[in-house]
Amino acid sequence: NAADATTALVWVSTATFGFGIWSPNVFALHSDLYSPAVIARATGFTGFGASLGGATFSALTGWLVHSFGYAPAFLVAGLSAPVAFLCLALFVRRPT
């Protein structure tokens, strides 16, 4: 638990910075994995998925915080990046 609002702000800012660093890697994957003919389509699907996920997570976060408090919401947010990395490491293979 954060001792004061400044500490909480520092932690939230650090987490947000981490998500910001992850974004360019996701967009760079398209050029590594797909041929030039389909890069735009793959990038579009990624943007659509991110927007849909953001809208869904915003709605679910309100319900989660109202029902259970902030801890589960921060847990879900904190676990999303490691889960995404594991999915990437397990399911995405270098093209041959």
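These legends go with a set of close-up views of a predicted model.

**View 1. Helices α2 and α3 meet in a mostly nonpolar contact.** Let's start with the pair of helices formed by residues 39-68 (α2) and residues 70-91 (α3). Their axes come within 7 Å of each other and cross at roughly 145 degrees. On the α2 side, the contact is made by Phe-57, Thr-61, Leu-64, Val-65 and Phe-68. On the α3 side, the partners are Tyr-70, Pro-72, Ala-73, Val-76 and Ala-77. Sorted by class, this contact has 9 nonpolar residues and 1 polar residue, with no charged residues.

**View 2. Ala-73 is a buried residue of helix α3.** Zooming in on that contact, we find Ala-73 on the α3 side. Why does Ala-73 count as buried? Its relative accessibility is 7%, and buried means under 20%, so Ala-73 falls in that class. Leaving aside residues up to four places away in sequence, Ala-73 touches Phe-57, Thr-61, Leu-64 and Val-65. Those four also belong to the α2 side of the contact with α3. For a backbone yardstick, try Leu-60: Ala-73 and Leu-60 are 13 residues apart along the chain, and their C-alpha atoms are separated by 8.9 Å.

**View 3. Trp-63 and Phe-68 form an edge-to-face aromatic pair.** How many aromatic pairs does a search of the whole structure find? The search gives 2, and this view shows one of them. The ring centres of Trp-63 and Phe-68 are 5.6 Å apart, with 80 degrees between the planes. Phe-68 counts as exposed because its relative accessibility is 54% and the class begins over 50%. Phe-68 also takes part in the contact of α2 with α3.

**View 4. Tyr-70 and Phe-74 form a tilted aromatic pair.** Here the centre-to-centre distance is 6.4 Å, and the planes make an angle of 35 degrees. Both residues lie in helix α3, 4 residues apart, or about one turn of the helix. Are these two residues buried or exposed? Tyr-70 is exposed, and Phe-74 is exposed as well. Tyr-70 also appears among the α3 residues that contact α2.

**View 5. The largest pocket has a lining without charged residues.** About 610 Å³ of space lies in this pocket. Its lining is made up of 21 residues, and those nearest the centre are Trp-22, Val-26, Thr-46, Ala-50 and Ala-84. Which elements give two or more residues to the lining? They are α1 (5-33), α2 and α3, and α1 provides the largest share, with 8 residues. In terms of class, the lining has 16 nonpolar and 5 polar residues, and no charged ones.

**View 6. His-30 is buried in the model and lies in helix α1.** The relative accessible area of His-30 is 5%, which places it under the 20% limit and therefore in the buried class. Not counting residues up to four places away in sequence, His-30 touches Ile-39, Ala-42, Thr-43 and Thr-46. You have already met Thr-46, one of the residues nearest the centre of the largest pocket.

**View 7. Arg-41 is an exposed residue of helix α2.** With a relative accessible area of 56%, Arg-41 passes the 50% limit and so counts as exposed. To place Arg-41 along the chain and in space, pick Asp-4 as a reference: the two are 37 residues apart in sequence and 45 Å apart, C-alpha to C-alpha.

Definitions and conventions
Residues are numbered from 1 along each chain as its sequence is written. This is a predicted model: local features need pLDDT of at least 70, side-chain atom pairs count only at pLDDT 80 or more; totals for chains, interfaces and linings use all residues. Side-chain values use heavy atoms; hydrogens and water are left out. Axes are lines fitted to C-alpha atoms, for helices over the stretch in contact, and angles run from 0 to 180 degrees between N-to-C directions. Contact means heavy atoms within 4.5 Å. Ala, Val, Leu, Ile, Met, Phe, Trp, Tyr, Cys and Pro count as nonpolar, Asp, Glu, Lys and Arg as charged, and the others, Gly among them, as polar. Rings of Phe, Tyr and Trp (its six-membered ring) pair if their centres lie within 6.5 Å; planes under 30 degrees apart count as stacked, over 60 as edge-to-face and the rest as tilted. Buried means under 20% relative accessible area, exposed over 50%, partly exposed in between (1.4 Å probe, protein chains only). On a 1 Å grid over the protein atoms alone, a cavity is a set of points where a 1.4 Å probe fits but cannot get out, and a pocket is an open set with protein on both sides within 12 Å along at least five of seven lines; lining residues have an atom within 4 Å of a point. Grid points are joined across faces, edges and corners, and a volume is the space filled by probe spheres set on the points.
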